[in-house]
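Grab your viewer and a coffee, and let's work through a few exercises on a single chain. Try each task yourself before reading the solution under it.

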Amino acid sequence: MKKYLIMMVVLALSGLACSLSAVIDTLTGDETTAKSEGRCGDGVCDGPENDQLCPQDCSPEQAQGSSSSQSPPEWFTQVEGCTMQETSVRSEGSPWAFDSQGYTTELLSDGQITCVLEIQVCGDTIFKQQVIDAGDECPACLHYSYAPPTPVCCAAWDEAKQSRSPCDPLQDADCDGVSNDDDPYPLDFSQR
Ligand SMILES: [Ca+2]
Ligand SMILES: [Ca+2]
């Protein structure tokens, strides 16, 4: 009796497997819509794929058709024929108020200071600031150590400034999708 039951279960399972494979055949027979082919690059995020293993199928940016890329922008890459120029950075606490370009506007009232982080990249300035009470400490992300000297291919940098592709480096220097203002690591694609 027990043996008979096991036989039935095995038969039922193999029947199920057949109908499943028939369904899968039907699905893969349709050429017009995105379908899983069980491989990375088929446009479907399934199986063992995730945004680490297969960003082209699984990354949310990809799904939304965003232009943000999956790898560091080319100006951080050593390309033959491009001389890399290292960024420079300084941070300070200043009694002055600044405009968004980093020009001083007026003296702050007593008891206030502006925490400043200024990064020079290929002749451009990335200026970040926050006004705090003099007794407080500047936020850590405005410390120069958050934008350590980084080699940049200025030709690629300048080209992206014109084309704004894959992003506008003056707004998002590392092209990680987080603006320079909001990015604690503005020169590090892997951290945001
Ligand atoms: Ca960024
Ligand atoms: Ca970053």
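The exercises below go from confidence to layout, sheet, hairpins, core and a few odd residues.

A note on conventions: residues are numbered from 1 along each chain as its sequence is written, while chains are lettered from A and ligands numbered from 1 in the order in which they are written. This is a predicted model, so keep in mind that local features need pLDDT of at least 70, side-chain atom pairs count only at pLDDT 80 or more, and totals for chains, interfaces and linings use all residues.

**Exercise 1. Confidence**

Task: find the chain's average pLDDT and the stretches where pLDDT is under 50 over residues 5–32 and below 50 over residues 62–67, then count their contacts.

Solution. Start with the score itself: pLDDT is the predictor's confidence in each residue, from 0 to 100. The chain averages 82, and 77% of the residues score at least 70. Next, take residues 5–32, where pLDDT stays under 50 and the model has four contacts beyond four places in sequence. A contact here means that the C-beta atoms of two residues, placed from the backbone, lie within 7 Å. Residues 62–67 also sit below 50, with four contacts in the model beyond near neighbours in sequence. Where pLDDT is low, the predicted coordinates should not be read in detail.

**Exercise 2. Layout**

Task: work out how many helices and strands the chain has, and in which order the elements run.

Solution. Count DSSP runs, numbered from the N terminus: helices are H or I with at least four residues, strands are E with at least two. That comes to four helices and seven strands. Reading from the N terminus, you get α-α-α-β-β-β-β-β-β-β-α.

**Exercise 3. The sheet**

Task: find the order of the three strands in the open sheet and its edge strands.

Solution. First, the pairing rule: two strands pair if DSSP finds at least two bridges between them. The open sheet has the order 2-5-6, with antiparallel pairing. Strand 2 (88–94) and strand 6 (124–133) are the edges, each pairing on one side only. Now go bridge by bridge. Strand 2 and strand 5 (residues 112–121) are joined by seven bridges; serine 94 faces threonine 114 across that pair, and serine 91 stands opposite leucine 117. Strand 5 and strand 6 are joined by 10 bridges, and there isoleucine 119 stands opposite isoleucine 126.

**Exercise 4. Two hairpins**

Task: compare how many residues lie between the strands in each hairpin, and find the turn residue with positive phi.

Solution. Strand 5 and strand 6 form a hairpin with two residues between them, and cysteine 122 in the turn has a positive phi of about 50°. Cysteine 122 gets there although it is not a glycine. The other hairpin is made of strand 3 and strand 4, with five residues between them; its turn holds glycine 102, whose positive phi is about 100°. Three bridges join strand 3 (residues 96–98) to strand 4 (residues 104–107), running antiparallel, and phenylalanine 98 stands opposite threonine 104.

**Exercise 5. The core**

Task: find which residues have the most contacts inside the largest nonpolar core, and which strand gives the most to it.

Solution. Set the burial cut-offs: a residue is buried if 20 or more other C-beta atoms lie within 10 Å of its own, exposed if 12 or fewer, and partly exposed in between, with C-beta atoms placed from the backbone. Buried residues make up 17% of the 192 in the chain. A nonpolar core is a set of buried Ala, Val, Leu, Ile, Met, Phe, Trp, Tyr and Cys residues joined through C-beta atoms within 7 Å. The largest one has 17 residues, with Trp75, Ile119, Val121, Ala147, Val152 and Trp157 having the most contacts inside it. Strand 5, strand 7 (151–153) and helix 4 (154–163) each give two or more residues, and strand 5 gives the most, with four. Beyond four places in sequence, the contacts of isoleucine 119 include Val89, Ile126 and Ala147.

**Exercise 6. Odd residues**

Task: why do leucine 53 and arginine 164 fall into the classes exposed and partly exposed?

Solution. Leucine 53 lies in the loop between helix 1 (2–29) and helix 2 (55–58), and it counts as exposed because 12 other C-beta atoms are within 10 Å. Arginine 164, in the segment after helix 4, is partly exposed because it has 13. Arginine 164 also has a positive phi of about 55° although it is not a glycine. Finally, check the peptide bond between serine 165 and proline 166: it is cis, with omega about 0°.
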